[in-house]
Amino acid sequence: MIKNTDMRGICRLLGWLTVALVLNGCGDSETPASGDAVTSTIDNSVEVQAFYDANPDFFSFKTPADLPEGLNWVSGDEFPEMGSPQAKKGGTEYRALQDFPRTLRTVGPDSNGGFRTLLLDDTTLQLAHRHRDYFDYIPGLAESWAVGEDRKTVYVKLDPAARFSDGVPITADDYLFSFWFYRSPYITAPWYNNYYSTMYTNITRYDDYTISVTIPESKPDVEKWVLELRPQPRHFFRELGDDYVDRYQWRFAPTTGPYVIKPEDVKKGRSIALTRNPEWWAQDKKHWRYRFNADRIQFTVIRDTEKIFEAFRRGDLDQASLNLSEYWYEKLPDTAPDVQAGYIHKSIFYNQRPRPSYGLWINTSRPLLDNRDIRLGIQYATHWQLVIDKFFRGDYGRLNTPHDGFGEFTHPTLRAREYDIDLALEHFAAAGFSRRGPDGILLNDAGEKLAFTLSTGYQSLKDVMTILKEEAAKAGLEFRIEVLDGTAGWKKVQEKQHDIHFSAFGVILEMYPRFWEHYHSDNAYDRAFLEDGSINPERQLKTQTNNLEAFAVPEMDRMIDRYRRSADTGEMIGLAHKMSELHHDYASFVPGFYQGFFRVGHWRWVRYPEYFTHKHAAGAGELFVHWIDPAMKEETLEARKSGATFEPVITVYDQWKE
């Protein structure tokens, strides 16, 4: 599933401690109504069963005797433990949010903000999870699984011990219900409706704890399509209907993970907290017992990045991202007194994983931007290397494609276009912009300026925008800078109201990149082309999709469709390369930068395993392998008062450096 937005991408860049969330329209009351405004009673049981009955090819009901013989059941339990046996449970971890979430729903309008990772992505259990050192699967909600001979069906035995946080057992019925849930128009989530209707062809219930799920075509990573499914609690969503968005706006759904949100801990616009469930069913399970260690994670809204860092330096917050060079080298240098006294530790961890797609997303539906020469000129007028050298102090690298980090699937020779004023002017002239105005910006014969709004939701990277603006002007291009908060920035691009947007999509850990979401015409226009392949003159932009470029090319559609159907790794690699080439030639995305590591500062009482974290981790806190040591916190605070010191700790974890 696509679960990665530009907001999550920046969370990974700026750090998992400063989560960009959504606040607009939240109001000022301290505690939300938890859906109390919706009082009508709904029971959708009959409707759900009728849907099953109407789709017998999709929803099947069999017995264990119907399971194929000779299945090779595996559990993934042979892989090394994740987390450290030294981890201690307990304590409160203090973090900051720059904005308050607009909803506690994880699906539907306003649900795709940065806090969603803490509600779902990073804190709940799938059937199985990729081990973050080996890429193979380890058990989550599944006890074991087997791949059918057709390599389209995965059979799963659920762990009978698995429970939702309200104590209700997780059974096969929750998985059947999930397919109804995601295909329902009630959830107002077209992407989920399409995905769960087209990417799966069957779910079969054999008994309460045995299911199989089938995908349309054999895939080299068939396990992923099934083992990364999460159940929706059937009992909780029994009231799901037309008023879903409002009814469930502030109701925390029973979770498979260790943390819950209590109504009294939701102070709208001010703070929110996660509380560890003392009855969490997996708390003694391998791979989970040494993780999610804090009893409570308290989030306070601090909107200004500088004030967040000040709160960290005071000790009000336990950790702070130091990814930005300014923070690593200047705001908390190695010579800082708290670092030299050993109170604050500094860590760099080099990771290996697909890289977020930081760059400029050009809306090709906008006037002038539908001209390829204009887009090529923008490519050459955008000086990302100067941003890397000046703003990031040379620590980051240049992104070449939106799909870097996928091994053989990443194009081996494509390179991002370098800054070149002469080539930029050549392409702008070909588009009719050949003379400069008094301010140096190019004009066409009609006197129209070569100017576009360059927007972003990354307030902490506003200086990046300034560099891009100044360098583009040298090539006769005006970037009109618009720095929005994360919420407004994401809303703008989802409504396709942007000219050019500086953004990124995070990527989940998987075998190969996805193209349909960003480049298929299905996600650009309601009906992009007529039957003869010509452009539909009445087509309308499709909003609320991740095709931010309004990219609609029939040849790309055909390749994407083949790619999604293919079961042959070699064919998929070839198609991925050809699609990357087509996208590169179309010039609707200006690749920015990538970060091959993450940096964090943490007070001495925040402890990590001796290896810090795992190879494929996206950030310091993603896997929750750290813990709070209350005794060490007391010792450190006393030392600060008395002037006692410890050995400074500045560590580079480069065991996975590429």
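## Overall fold

Contacts between residues 24 or more positions apart make up 76% of the chain's contacts with a separation of 6 or more. The model behind this figure is predicted. Its secondary structure consists of 19 helices and 27 strands.

The chain has 658 residues, and a compact globule of that length would have a radius of gyration near 26 Å. The chain has 25 Å, which agrees. Along the principal axes, the C-alpha atoms fill a box of roughly 75 × 75 × 50 Å.

## Surface and charge

Buried residues account for 61% of the 658 in the chain. The accessible surface comes to about 25,300 Å². Carbon and sulfur atoms contribute 47% of that surface.

The chain carries 78 positive and 96 negative charges. The mean positions of the two sets are 2 Å apart.

## Nonpolar cores

In soluble globular proteins, nonpolar side chains tend to be buried together. In this model, the largest nonpolar core has 91 residues. Within this core, L127, V156, F181 and Y200 touch the most other members. Helix α4, residues 172-183, supplies the largest share of the core, with 8 residues. A second, separate core holds 76 residues. Among them are L322, A341, Y358 and L623.

V156 shows what such a position looks like in detail. Leaving out residues up to four places away in sequence, V156 touches W73, L127, A142, S144 and W145, and also Y209, T210, I211, V226 and L227.

## Y52 in helix α2

Y52 sits in helix α2, which spans residues 45-54. Its relative accessible area is 8%; the limit for buried is under 20%, so Y52 counts as buried. Beyond its neighbours within four places in sequence, Y52 is in contact with F59 and F61. Its other such contacts are D173, L176, F177 and W180.

Y52 and G570 are 518 residues apart along the chain. Their C-alpha atoms are separated by 37 Å.

## Two buried loop phenylalanines

F292 lies in the loop between β11 (271-276) and β12 (296-301). This residue is buried, with a relative accessible area of 1%. Neighbours within four places in sequence aside, F292 is in contact with K89, D122, T123, P258, Y259, R276, W280 and F624. G257 is 35 residues from F292 in sequence. In space, the C-alpha atoms of F292 and G257 are 9.3 Å apart.

F612 is in the loop between β25 (606-607) and β26 (627-628). F612 counts as buried, at 1% relative accessibility. Its phi is near 75°, a positive value in a residue other than glycine.

## R393, a partly exposed loop residue

R393 also has a positive phi, near 55°, and is a residue other than glycine. R393 is found in the loop between α12 (384-391) and β16 (397-398). With a relative accessible area of 33%, R393 is partly exposed. That class covers values between the 20% limit for buried and the 50% limit for exposed, which is why 33% falls inside it.

## The loop between α16 and α17

G533 is found in the loop between α16 (516-519) and α17 (554-565). Its relative accessible area is 38%, so G533 is partly exposed. G533 and P554 are 21 residues apart in sequence. Their C-alpha atoms are 7.2 Å apart in space.

Q540 lies in the loop between α16 and α17 as well. Not counting residues up to four places away in sequence, Q540 touches A524, Y525 and D526. Q540 and A618 are 78 residues apart in sequence, and their C-alpha atoms are 37 Å apart in space.

Note on methods: Residues are numbered from 1 along each chain as its sequence is written. This is a predicted model: local features need pLDDT of at least 70, side-chain atom pairs count only at pLDDT 80 or more; totals for chains, interfaces and linings use all residues. Side-chain values use heavy atoms; hydrogens and water are left out. A nonpolar core is a set of buried Ala, Val, Leu, Ile, Met, Phe, Trp, Tyr and Cys residues joined through side-chain atoms within 4.5 Å. Buried means under 20% relative accessible area, exposed over 50%, partly exposed in between (1.4 Å probe, protein chains only). Helices (H or I, at least four residues) and strands (E, at least two) are DSSP runs, numbered from the N terminus. Contact means heavy atoms within 4.5 Å. The radius of gyration is taken over C-alpha atoms; the globule rule is 2.2 Å times the number of residues to the power 0.38. Accessible areas come from the Shrake-Rupley method with a 1.4 Å probe; for residues, only the protein chains shown count as cover. Lys and Arg count as positive and Asp and Glu as negative; His and the chain ends are not counted. The place of a charge is taken as NZ of Lys, CZ of Arg, CG of Asp or CD of Glu.
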